[in-house]
Amino acid sequence: MSATDIMIKIKDLHKSYGELEVLKGIDLDIAAKEVVVIIGPSGCGKSTLLRCINYLEEFQHGTITVDGVPLSGEANINEIRREVGMVFQRFNLFPHMTVLENLTLAPVKVRGISKKEAEMTAMFYLEKVGMAAKANEYPDMLSGGQQQRVAIARALCMKPKALLFDEPTSALDPEMVNEVLDVMKGLAKEGMTMAVVTHEMGFAREVGDRVIFLYGGKILEQGTPEEVFDHPKEERTQAFLSKIL
Amino acid sequence: MNFSLDIMTSAFPLLLAGAAITIEISALSVFLGLIIGCFVGIARLGSLRLLRLLANFYVDFIRGTPLLVQIFLVYFALPGIIGQRVDPFFAAISACSINSGAYIAEIFRAGIQSIDKGQMEAGRSLGMTWTQTMRYIIVPQAFKRIIPPLGNEFIAMLKDSSLVSVIGFEELTRRGQLIIARTYASFEIWLAVAVIYLIMTFAVARLVAALERRYNKNERD
């Protein structure tokens, strides 16, 4: 992979909460259009890693570069954030706004496009996630799966270069997991660069270009889904997979 | 003791006019306090250290000193500094709104802190600045939640505004004092004054409860 193909470049990333070091030197390149699935036991730093890319967490050491632009503290975080979308475990839709308003707020305020144009874009993405009929509903009226699809559409409205998913289906009832995963599969097919923290191993196997196994704040093993799932090299990976598969 | 209903009824129009002034200064003070409180409450949560220190000092000072002393400071001490007499209306409004602002700042702070932090993260992750996220996402949601405590603040201000009578500002309590000075009918007049305060505070309490119900209904729609 050539240097220009790399969308997100993470080098020697360290992150501590006080005394506790959560990330102990992560090196990770995510290519454009690549889908990277991050797995690992709870507390291994999966979510923290994603949140660092979006600078929702400050890190102590290392560099993160998004599409060639290094992340350098408060100065350009807003620039980075508008290029990298984030989908949260708990959806985090704005409850005081309709679905449509949820989608148009940031494009209008941050990108500075007209309300009309933002609404057209919003309807396009709502259509894509199958939620166009609910454009004028409030989030409270929607099921968890529907809320998460709206949250994905909201992130897409900013036309991000990459999307980060932080356990997007963990807060959902089982029957709603697939509707969200289907939307994500569709995005992967269209060539969206994605980093996904998930426990959905079926999804990881089907959609992931690469699987990263994070353990104790480090990348312990990585490879194609076949390599990691079928022929894990590390004992810890084997132990983890045997518990969840 | 003889009780005169006549004195009471004949004093009523004058007292009601005073009550109107009480409502006026309370409403104006809480409104101005709301503006002050919004900014101060946010400043207390913000990342600018100097602003935060100033906001903390303001809230601590106002909450740690009696309103009566604050009124005296504005009415009697301020002229010494600016070399000019202060109008009682200006003194009453500024003392009351500065006082109210400190309490409302705390109400705002609690309201903002009660909003799930995922809301701020969602706003920031979409590229909005801290200020934009506060303005469009956090504060509107916090506002709904602080309606009941704001109602309480307004009720407290209706009662506390009686303190501005000491600088001769003619609101309800001062009107009562003046009528008593003329008629010596302490019991009748103070009873009437108390009843009028009670009616006002009760009405506001009901209004706030209704407002709260309406907002809650909207959220479910």
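**Figure 1. Contacts of B:S29 in the predicted model.** Leaving aside residues up to four places away in sequence, B:S29 touches B:I93, B:C96, B:S97, B:S100 and B:M157, where contact means heavy atoms within 4.5 Å. Residues are numbered from 1 along each chain as its sequence is written, with chains lettered from A and ligands numbered from 1 in the order in which they are written. In this predicted model, local features need pLDDT of at least 70 and side-chain atom pairs count only at pLDDT 80 or more, while totals for chains, interfaces and linings use all residues, and side-chain values use heavy atoms, with hydrogens and water left out. B:S29 belongs to helix α1 of chain B, residues 5-45 (helices, H or I of at least four residues, and strands, E of at least two, are DSSP runs numbered from the N terminus). With a relative accessible area of 0%, B:S29 is buried (buried is under 20%, exposed over 50% and partly exposed in between, for a 1.4 Å probe and protein chains only).

**Figure 2. The bend in helix α6 of chain B.** Helix α6 of chain B, residues 130-145, bends by about 40° at B:I138, and the proline B:P140 follows within four residues; the bend is the angle between axes fitted to the seven residues ending at a position and the seven starting there. Buried residues of α6(B) include B:I137, B:I138 and B:V139 around the bend position, as well as B:Q132, B:T133, B:M134, B:Y136, B:Q141 and B:A142. These buried residues pack against elements of both chains, namely α3 of chain A together with α1, α4 (88-113) and α5 (117-125) of chain B.

**Figure 3. The mixed sheet of chain A and helix α9.** Six strands of chain A form an open sheet with mixed pairing, in the order β6-β7-β8-β3-β9-β10 (two strands pair if DSSP finds at least two bridges between them). Strands β6 and β10 (218-223) of chain A are the edges, each pairing on one side only, and the twist from one strand to the next averages 20°. Strand β9 of chain A, residues 210-215, runs antiparallel to β10(A) and is joined to it by five bridges; A:F213 has A:E221 in β10(A) as its bridge partner. Helix α9 of chain A, residues 235-244, packs on this sheet by touching β3 (35-39), β9 and β10 of chain A, and its direction makes about 100° with that of β9(A) (axes are lines fitted to C-alpha atoms, for helices over the stretch in contact, and angles run from 0 to 180 degrees between N-to-C directions).

**Figure 4. The antiparallel sheet of chain A and helix α1.** Four strands of chain A make up an open sheet in the order β2-β1-β4-β5, with antiparallel pairing. Its edge strands are β2 (20-31) and β5 (69-70) of chain A, each of which pairs on one side only. Between β1 (residues 6-17) and β2 of chain A, which run antiparallel, there are nine bridges, and the bridge partner of A:I6 in β2(A) is A:A31. Helix α1 of chain A, residues 46-53, packs on the sheet in contact with β1, β2 and β4 (61-66) of chain A, its direction lying at about 120° to that of β1(A).

**Figure 5. Two loop residues of chain A with positive phi.** Most residues other than glycine have a negative phi. A:F91, a residue other than glycine, has a phi near 65° and lies in the loop between β6 (84-87) and α3 (99-111) of chain A; because its relative accessibility is 9%, A:F91 counts as buried. A:K159, likewise not a glycine, has a positive phi of about 50°, and this residue is found in the loop between α5 (144-157) and β7 (162-166) of chain A.

**Figure 6. The setting of A:K185 in helix α6 of chain A.** A:K185 lies in helix α6, residues 174-189, of chain A and is buried, with a relative accessible area of 17%. Beyond residues up to four places away in sequence, A:K185 touches A:F203, A:E206 and A:V207. The C-alpha atom of A:K185 is separated by 18 Å from that of A:I30, a residue 155 residues apart along the chain. Buried residues make up 58% of the 245 residues in chain A.
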